Amino acid sequence: MIQSINLKIPERVKIIDLAGHYKLIQDEIDEAIKGVLESGNYVLGNNVASFEQELAHYLGCKHVVSCANGTDALYLALRALDIGHGDEVITVSHSFFATTGSILLSGATPVFVDIRESDFNIDPLKIEEQITKKTKAIIPVHLYGNPCDMTEIMKLAKKHNLYVIEDTAQAIGAKHKGKIAGTFGDLGTFSFFPTKNLGAFGDGGAVCTNDDKLAENLRKIRVHGSPGRYVHEVLGINSRLDEIQAAILKVELRYLDKWNTKRQAAAKYYSEQLSKIPELILPVCLDGNEHVFHQYTIRHSKRDRIQEELKKLNIESIIYYPIPIHKQKALEKINFKKGSLHVTEKICNEVLSVPIYPSISQDIQDHVAKNIKSILNP
Ligand SMILES: *Cc1c(COP(=O)(O)O)cnc(C)c1O
C-alpha cells in the first residue's frame with residue numbers, strides 16, 4: 001500500500017488529539033488554573049459551585065452534583081435512590097464496564113438487555129420481558145454520543161414504576177426530540193474524563209436531577225454521608241471534584257456546543273467519503289435524535305483486518321468494546337441475569353471507531369477514509 005507523503009497528515013493519526021485541543025484554548029485554561037493555584041482553595045470550592053450551576057443551566061435542570069468521576073456518578077445515583085442488595089437494575093452489556101461495575105458495587109444485580117442493530121443502544125422492545133418484582137431501575141447508556149429512545153424507555157418506566165438513571169458519559173449535549181440527554185430520567189450521570197466531549201484535564205464526573213431530595217442525598221453520599229462536618233447520617237464515599245478541574249470545565253463548557261457541532265460536521269464528512277462501500281455500515285442518527293459523535297463507529301465483518309491495515313499505516317482506531325460486559329472475567333462468579341444478547345455478541349466483532357475530535361482536519365479525514373476504501377477494495 002502506498003504511504004501518504006502529504007505534509008498535512010501527521011506521522012501518526014491519533015484517535016483523539018488532546019494536546020492539540022489544549023493549544024486551541026491554552027490562554028483561557030492557563031488563566032483558570034493559575035486562578036485556582038493562587039486562591040489556596042483546591043477541593044469543592046467556588047469553582048465547583050459555579051460549575052455545578054452553569055452545567056445545571058446548560059442542561060436545563062435544577063441540580064447538578066459534581067463528583068470525582070463518571071463511575072462514581074453512577075454509584076452515587078444508585079445510592080441516592082437507595083438501590084442495593086436484593087434489587088435488580090436493567091442495563092446493557094455493550095458499554096464501558098463502569099455502567100455494570102457501579103451496579104455491582106451498590107450491591108444490586110445487573111440484568112442485561114440486548115441492544116438494537118440500528119443504533120447499538122438498549123432495545124426498548126426487550127426491556128419488559130426482563131422486569132421482575134425486584135427490578136428497581138433502568139440504566140440506558142447513550143452510547144457513542146447517540147441518545148437512546150427515551151420516549152419508549154420513559155413510557156415503560158412509568159408503567160412499571162421504575163427509576164431511570166441515564167448514563168450520559170458519552171453524550172453530553174445530545175438531544176432526543178429536542179430534550180437534552182440526561183434530563184429524561186430521575187438522574188443523569190456524566191463523566192469528564194479527558195477524552196469525553198466535555199473533558200477535564202484529569203478525572204471528573206457529575207449527576208443531574210430535578211429532585212431536591214435526590215440532590216440532597218447525592219451531596220451527602222459524596223462526602224462520607226455527611227450533611228455537615230463530622231456528622232455522618234449514612235455510609236458514603238469520598239468523591240469530590242477538584243477546583244482545578246472545575247475551573248477548566250467552566251472554560252470547556254462555554255465551547256461545548258461549538259465542539260459538538262464540529263464533531264457533527266466531521267461525522268457528516270466521513271459519511272460522505274465512506275458512502276457506497278459494500279458491506280460497510282455507517283453510524284446512523286435516528287429520526288428525532290441529535291447525535292454528538294463522541295465516537296464515529298463503523299461496522300464491517302472484516303473489522304479486524306481493517307484495524308490491522310490501518311495500524312500499519314499509523315492510523316489509530318479503537319474497538320469499543322471488544323468483550324461484552326457479561327463475558328468479562330470480573331463477572332464470572334457473580335450473579336447476573338441476561339436475556340438473549342444476540343446483537344451484543346455479534347456487533348462486538350464488527351464495530352470500529354476511527355479518529356474523531358472537534359478540530360480534526362478534512363485532510364486527516366480524507367486520509368483515513370481513502371485508506372479504509374483501499375483496504376476494502378484493493
Ligand atoms: C467513561 C464512561 C463511564 C465512566 O466514567 P469515568 O469518568 O471514566 O469513571 C461510564 N459510562 C460510560 C458509558 C463511559 O463511557
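In this predicted model, R219 pairs up with E52 in a salt bridge, with 3.2 Å between the closest N and O atoms. R219 sits in helix 7 (residues 212-222) and E52 in helix 3 (residues 46-59), so the contact ties together parts that are 167 residues apart in sequence. The two partners differ in how much of them shows: R219 is partly exposed, at 32% relative accessibility, whereas E52 comes out at 7% and counts as buried, because the cut-off for buried is under 20%.

The pair is part of a wider set, as a search of the whole structure turns up 21 salt bridges. Another one links the side chains of E117 and K346, again with an N to O distance of 3.2 Å. Here E117 belongs to the loop between strand 3 (109-113) and strand 4 (135-138), while K346 is in helix 10 (residues 342-347), so this bridge ties together parts that are 229 residues apart in sequence. E117 is partly exposed at 35% relative accessibility, and K346 is partly exposed as well, at 32%.

Back in helix 7, there is also a local pairing. K213 and E216 both lie in that helix, three residues apart, or about one turn, and they form a salt bridge whose closest N and O atoms are 3.9 Å apart. K213 has a relative accessible area of 47% and is therefore partly exposed; E216, at 43%, also counts as partly exposed.

Some of the bridges don't stand alone, either: through shared partners, E117, R299, K346 and E350 are joined into one network.

Key:
Residues are numbered from 1 along each chain as its sequence is written. This is a predicted model: local features need pLDDT of at least 70, side-chain atom pairs count only at pLDDT 80 or more; totals for chains, interfaces and linings use all residues. Side-chain values use heavy atoms; hydrogens and water are left out. A salt bridge is a side-chain nitrogen of Lys or Arg within 4 Å of a carboxyl oxygen of Asp or Glu. Helices (H or I, at least four residues) and strands (E, at least two) are DSSP runs, numbered from the N terminus. Buried means under 20% relative accessible area, exposed over 50%, partly exposed in between (1.4 Å probe, protein chains only).
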